[in-house]
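I opened this entry to look up a sheet, a helix and some cysteines. The notes follow the order in which I checked them.

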Amino acid sequence: MRKTIIKLTFPRLNINMKNLIIILLLLPLFVFAQNTDSKPYHPIQVEGQQWVKNQPSQPWKLYPTCVIDSLITYKQTVNNENKYGSLLTKKSTASGFFRVEKMNGRWWVIDPEGYYNIQRVVNGFRQGGSDLNQNEFNKKFGTNEKWAKATAAEFKNTRLNGTGSWSTDSVVQDFNKQSVNQKLSFSVNLSLMAGYGRKRGGTYQLPGNIGFPNQAIFVFDPEFRMYCDSVLPKLVDNFELDTNLFGYFSDNELPFGLKNLEGYLDLENPKDPGRLAAEKWLANKNISKENITDIERAEFAGVVAVKYFETVSAAIKKADKNHLYLGARVHGAAKFIESIMHAAAKYCDVVSINYYGVWTPGETHLSNWATWMNKPFIVTEFYTKGMDAGLANTGGAGYTVRTQTDRGLAYQNFCLALLESKNCVGWHWFKYQDNDPTAKGVDPSNVDSNKGIVNNQYQFYKPLTEKMKQLNEQVYSLIEYMDKTK
């Protein structure tokens with residue numbers, strides 16, 4: 001960081017105590033304004049409650065929050081965008097499909113027409129499954145076509161330009177076929193390891209993701225590669241030529257991490273391919289199980305990740321050469337382990353990261369991802385919950401705040417930090433609709449929380465979406481401003 005040197009001279013000036021106090025009060029503001037390495041904003045304070053696993057009663061705290069209105073020298077400018085939500089004043093080579101490109105040190109999405117794009121996406125665009133959701137859907141829309149058209153209009157107003165995982169992709173495709181002036185990008189989760197696990201047996205449901213025996217995925221099974229090659233042609237058949245498809249996720253939140261090595265070694269079946277692979281790896285290292293350290297654990301986690309990403313990437317690219325491979329939505333501690341992130345970047349076009357546990361994306365995290373990966377990344381899950389929605393908010397990993405306006409302020413704070421990173425090409429908010437407490441048979445992490453941009457009656461939270469809109473409609477101006485002030 002550059003040091004700011006301020007020289008104050010007062011020739012022939014008789015400074016009395018009053019003037020000295022004024023000078024001392026103003027000096028920090030002067031230094032702040034002159035130091036271009038400091039963040040150029042005055043943070044506001046938003047009260048929030050962090051989610052910590054197995055510790056539900058966390059204290060409420062005030063969190064410093066950067067919002068657009070707090071930026072000191074930024075001149076707010078609404079951008080002109082095309083039907084994909086891309087910047088009309090910057091264009092590269094058009095390929096007919098989404099791709100990524102690094103220009104002047106910053107990664108960009110390039111849309112099918114060649115324009116620069118940042119993804120601003122909502123997960124879970126689908127009808128709620130509870131009786132309440134279905135009754136409200138029938139009263140308000142009646143058909144998927146009316147629902148998609150009305151929702152897309154709200155998305156366009158909020159400057160959201162796509163849908164993410166767990167959406168009804170066929171409805172999005174039908175909308176795109178009918179719409180000329182607006183196209184919604186969408187991304188498909190292929191669930192390759194999860195699908196193979198169901199076929200093989202032994203998987204089970206965890207809050208938010210699929211569990212495996214000893215959290216050891218079946219990546220060393222020779223049959224896994226064959227499974228991917230056999231199922232992918234059918235899985236991508238409806239998408240291979242779709243110009244509005246952003247890309248594919250291969251899975252969601254697989255258990256990569258430091259527990260992988262012992263997890264494979266402790267598998268009950270002595271002939272399990274994963275156990276045999278771990279035993280051989282450890283023997284080649286000439287290390288006993290009792291002497292394993294975190295160095296070996298991290299190295300082996302990278303071995304598992306390389307095996308997985310190499311296998312699925314090759315199979316996906318064989319089945320569909322047109323679209324981006326977006327990875328497997330790395331989550332938890334895995335995203336902070338270099339060997340895992342390096343493996344993902346080696347085989348992914350864009351590395352997807354589900355990012356919880358922080359109010360503001362950490363500078364160290366963003367810097368590490370830029371160093372470890374010569375690839376762009378996209379945050380594919382984050383959210384905050386509001387206490388004014390009438391829900392208990394006991395489920396899910398996002399922060400809790402007091403109001404919908406606070407949710408919008410948290411959105412701005414989170415996304416402004418992402419825009420400072422020249423490797424980030426967008427984000428996916430989790431999710432479209434709130435959890436309905438009356439729903440039956442749902443994922444344990446999705447039972448009673450205000451995660452949606454709409455409630456269980458399909459009504460948009462306007463205080464939230466207005467703050468989202470303020471940022472979304474200025475994304476490209478904000479990038480230009482940040483690149484100049486860094």
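Which strands does helix 14 lie across? I found helix 14 (residues 475-485) lying across strand 3, strand 5 and strand 6, at about 165° to strand 5. The model is predicted: local features need pLDDT of at least 70, side-chain atom pairs count only at pLDDT 80 or more, and totals for chains, interfaces and linings use all residues. Residues are numbered from 1 along each chain as its sequence is written, and side-chain values use heavy atoms, without hydrogens or water.

I noted the terms. Helices (H or I, at least four residues) and strands (E, at least two) are DSSP runs numbered from the N terminus. Angles run from 0 to 180 degrees between N-to-C directions, with axes as lines fitted to C-alpha atoms, for helices over the stretch in contact; contact means heavy atoms within 4.5 Å.

Next I looked up the sheet. The sheet is open and has 4 strands in the order 3-6-5-4, with antiparallel pairing (two strands pair if DSSP finds at least two bridges between them). Strand 3 (87-91) and strand 4 (99-103) are the edge strands, each pairing on one side only. From one strand to the next the twist averages 55°. Strand 5 (residues 106-110) pairs with strand 6 (residues 115-117) over 2 bridges, in the antiparallel sense. I traced Val-109 to its bridge partner in strand 6, Asn-117.

Last, the cysteines. I found 0 disulfides (a disulfide is a pair of cysteine sulfur atoms within 2.5 Å). For Cys-66, the nearest cysteine sulfur is that of Cys-415, 11 Å away. Cys-424 also has the sulfur of Cys-415 as its nearest, at 8.2 Å.
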